[in-house]
Amino acid sequence: MSKNAISDSVIRRLPRYYRFLGELEKDGYIRISSRELSEKMGLTASQIRQDFNCFGEFGQQGYGYNVRDLRGEIGKILGLEKLTPMILIGAGNLGKAIAAHIDFSSKGFDLIGAFDANPDLFGMKTGGVSVQSVDELEAFCAEKKPAAAILCVPMEAAEKMADRLIECGVKAFWNFTHFDLRTTHADISVENVHLGDSLTTLSYRLNTFSKEKQN
Ligand code: NAI
């Protein structure tokens, strides 16, 4: 089945499958049944079977899934076989933390540059790269051709910066600003990240759980 036919909700679950299967592989698992995997992941076995059926005949009746093969296939779907060059724009508090703590290569990316408008930050090392002036962005992109960018600038600067990066050939944004690039740039790949939304979801869960206990 082609990648395009896989629904967004399945795609959203794939990184978690990939991570779990990697841990299982490290623990020496050769194969695993959908039931065992479902117990470990807190999903139903039928959900797992349905998800994996989207991209091929992986399970075998009575055998389960070959952990390494399945992880390899999910990695292929996620585009992790090659590293996409990526740059960081905005090396402030959040940008620095992301550059320093994300294991880019295991996620299919290679952090090749960091840019900021603040001269005090030029030359500072973060995530293995030195922060450069944003004035050097065009020349850098012409030479190194990054296809993806992490956007960690103030919200007011986001749209203009996105336009500039798209001009430079950037096609994908890991967007931490609260400016929604999806609405203004429909033809590029955007993953908006909002830690606050995740926290609000926790509030919902906590409150729903408390109410259920009261009833
Ligand atoms: P910060 O002020 O520490 O860092 C922003 C950096 O962007 C600064 O170093 C500044 O010099 C630089 N900058 C400003 N304009 C620029 C431009 N035109 N070109 C290049 N660099 C430029 O701010 P912080 O805390 O790191 O937050 C960064 C962004 O992330 C903000 O938009 C903030 O709202 C957002 N944020 C998002 C979160 C989320 O969960 N999505 C969580 C926390 C912050």
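In this predicted model, helix H7 makes the greatest contribution to the shell around the ligand, supplying three residues. Both H7, which spans residues 155–167, and helix H5, which spans residues 93–101, provide at least two residues each to that shell. In total, 21 residues surround the ligand, and the closest of them are Leu94, Asp116, Val153, Val193 and Leu195. When the shell is divided by residue class, 13 members are nonpolar and seven are polar, while one is charged.

Polar contacts to the ligand involve both side-chain and backbone atoms of the protein. An N or O atom in the side chain of Asp116 is placed 2.5 Å from an oxygen atom of the ligand, and a polar backbone atom of Val153 lies 2.7 Å from an oxygen atom of the ligand. A nitrogen atom of the ligand, in turn, is found 2.9 Å from a backbone N or O atom of Phe176. Of the 850 Å² of accessible area that the ligand has on its own, 72% is covered by the protein.

The largest pocket of the model encloses about 1900 Å³ of space. Its lining comprises 43 residues, and those nearest the centre of the pocket are Arg12, Pro15, Leu78, Trp174 and Glu191. Helix H1 accounts for the largest share of this lining, with 10 residues. Elements that each supply at least two lining residues include H1 (8–26) and helix H9 (195–214), together with the strands E3 (84–89), E7 (148–151), E8 (172–175) and E9 (189–192). In terms of class, the lining of the largest pocket consists of 20 nonpolar, 11 polar and 12 charged residues.

The strands E3, E7, E8 and E9, which contribute to the lining of the largest pocket, also belong to an open sheet of seven strands, arranged in the order E5-E6-E4-E3-E7-E8-E9 and with mixed pairing. The sheet is bounded by strand E5 (125–126) and by E9, the edge strands, each of which pairs on one side only. In general, the strands of a sheet pair through backbone hydrogen bonds, in either a parallel or an antiparallel manner. E8 and E9 run parallel to each other and are joined by four bridges; one of the bridge partnerships between these strands links Ala172 with Ser189 of E9.

Notes:
Residues numbered from 1 in each chain as written. Predicted model: local features only at pLDDT ≥ 70, side-chain atom pairs only at ≥ 80, totals over all residues. Heavy atoms only, no water. 1 Å grid on protein atoms, 1.4 Å probe; cavity = no way out; pocket = protein on both sides within 12 Å on 5 of 7 lines; lining within 4 Å. Points joined across faces, edges and corners; volume = space filled by probe spheres on them. Nonpolar A, V, L, I, M, F, W, Y, C, P; charged D, E, K, R; others polar. Near = heavy atom within 4 Å. Polar contact = N/O pair within 3.5 Å; in protein donor to acceptor, adjacent residues only side chain to side chain. Areas by Shrake-Rupley, 256 points an atom, 1.4 Å probe, with all protein chains shown as cover. Pairing = 2+ DSSP bridges.
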